[in-house]
Amino acid sequence: MNSQPRLAEYYHAGQKTDKIIPEVKEKMSKHPAGMAVDELSLESVKKELFERHHPSLLPIDIEAHAETVYRILGLKKKHNVLMLGHNYMEPLVFGLSQTEEQGDSLGLSMHAAKTESTYILFNGVPFMAETAKILNPSKTVLVADKTAGCSLADNFGAEEVKSLKAFYPGVPVMIYINSYADAKAECDICCTSANAASIARQMPGDEILFVPDIYFAENLEEELKGIKTVIYPGKGNQQKGAVCEVHERFLLSDLLAVRESFDIPKAHATRVLYAHWECRPEVLQEADFYGSTSQIGRDIAKRVAENQLERAFIASECELTANLAEEFPTVQFWTACSVRCSHMAKVTLHKVLKALEAIDRGGDLSDHEVTLNPEVIERARTPIERMLELSA
Ligand code: SF4
């Protein structure tokens, strides 16, 4: 985003509830996005898609993509594939997964750890699928596009962790879950944006070395002021670290413009400006609520249940807002449609279908399968399991 966003850069992702017939409204609240087609046919798929009443899913999209969705759901069922959908997937891809198969990267990996299915197709970027593989190594874990990267994970690997560790011997190293397995394998513990502060408090000593996200580290530093010293790339060392290129785009001036353009005054009772932990510190300070993707979702659900949310803007990936708008149709959502993760956007319906067709052919899965060295799996599992123990 630039510092003076124009109204045209945003779209209204919500819809007025009086336009939704009561039966559909009830259905949406029970089953917000996942397709629940019992008797699979092209017609039943189309009907489900239309009944979703998704605010950014137009009839023309449904007509164009229903057949692909139908073929995907058929192959998913035929091969009993666990299909996980990250919150940042576009609505048609997100809706391929059942409600309990949708969520953030850690929640989905924990779901993958329990599955009996032979195949797990992770609709997200490869580092997420790696975590699923680490937690359930006997399964075949696939992604639609193995080239989908991430500005955080791609720019801070095992070598960077090792060189920073050498600079601070003896300081426990905590790594954000948004990283590759070989980088995790060099660390003491993992964290998510939901549990980082709590885990850091529980780690021994007065200092914690956090990698790789610099804004996240600065936000953590603020949260732990007077409790623990947070060391991170670039703070008293030559390491560059990394940032999420999506959340980095939100500037304080953008949030102030959003408040004015969409009439969301600070600390308003029913109009809320949300920001993700990966945003800049000054953006978090301006937001009415900040947290992880799942914490933002839970706060919205709580306010909706209490009839306390009329309007919301979320400083995060725009498909997250699109999916929340479907889940909470009574809320008027605004989002910046230009702020999309180009890596996540590489996961398309057609690539998902290709991955399933490769399973169906029974042949080579190498274009989609996420493989890891068994030694890396063992070493990366320890920091993940420690995180799960300390979050319990
Ligand atoms: S939104 Fe995209 S760039 Fe940012 S952490 Fe997620 S995958 Fe990486």
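Here are legends for a few close-up views of this predicted model.

**View 1. Threonine 229 in strand β9.**
This close-up starts with threonine 229, which belongs to strand β9, a run covering residues 229–231. At 40% relative accessibility, threonine 229 counts as partly exposed, because that class sits between buried, under 20%, and exposed, over 50%. Ignore the neighbours within four places in sequence, and threonine 229 is in contact with Asp206, Glu207, Ile208 and Lys235.

**View 2. Threonine 229 and lysine 346.**
Zoom out a bit to get both residues in frame. Along the sequence, threonine 229 and lysine 346 are 117 residues apart. In space, C-alpha to C-alpha, threonine 229 and lysine 346 are 38 Å apart.

**View 3. The ligand and the residues around it.**
The ligand takes up the space of the largest pocket. Around the ligand you'll find Tyr88, Cys150, Ser151, Leu152, Asn178, Cys244, Val246, Glu278, Cys341 and His343. Sorted by class, this shell comes out as 6 nonpolar, 3 polar and 1 charged residues.

**View 4. Domain 1 meets domain 3.**
The protein chain splits into domain 1 (31–147 + 344–361), domain 2 (151–243) and domain 3 (247–336). For this view, just keep domain 1 and domain 3. Their C-alpha centres lie 26 Å apart. Where domain 1 and domain 3 touch, 13 residues of domain 1 are in contact with 13 residues of domain 3.

Technical notes
Residues are numbered from 1 along each chain as its sequence is written. This is a predicted model: local features need pLDDT of at least 70, side-chain atom pairs count only at pLDDT 80 or more; totals for chains, interfaces and linings use all residues. Side-chain values use heavy atoms; hydrogens and water are left out. Helices (H or I, at least four residues) and strands (E, at least two) are DSSP runs, numbered from the N terminus. Buried means under 20% relative accessible area, exposed over 50%, partly exposed in between (1.4 Å probe, protein chains only). Contact means heavy atoms within 4.5 Å. A residue is near a molecule or strand if one of its heavy atoms lies within 4 Å of it. On a 1 Å grid over the protein atoms alone, a cavity is a set of points where a 1.4 Å probe fits but cannot get out, and a pocket is an open set with protein on both sides within 12 Å along at least five of seven lines; lining residues have an atom within 4 Å of a point. A molecule sits in a cavity or pocket if more than half of its atoms lie within 2 Å of its grid points. Ala, Val, Leu, Ile, Met, Phe, Trp, Tyr, Cys and Pro count as nonpolar, Asp, Glu, Lys and Arg as charged, and the others, Gly among them, as polar. Domain bounds come from an automatic or database domain assignment.
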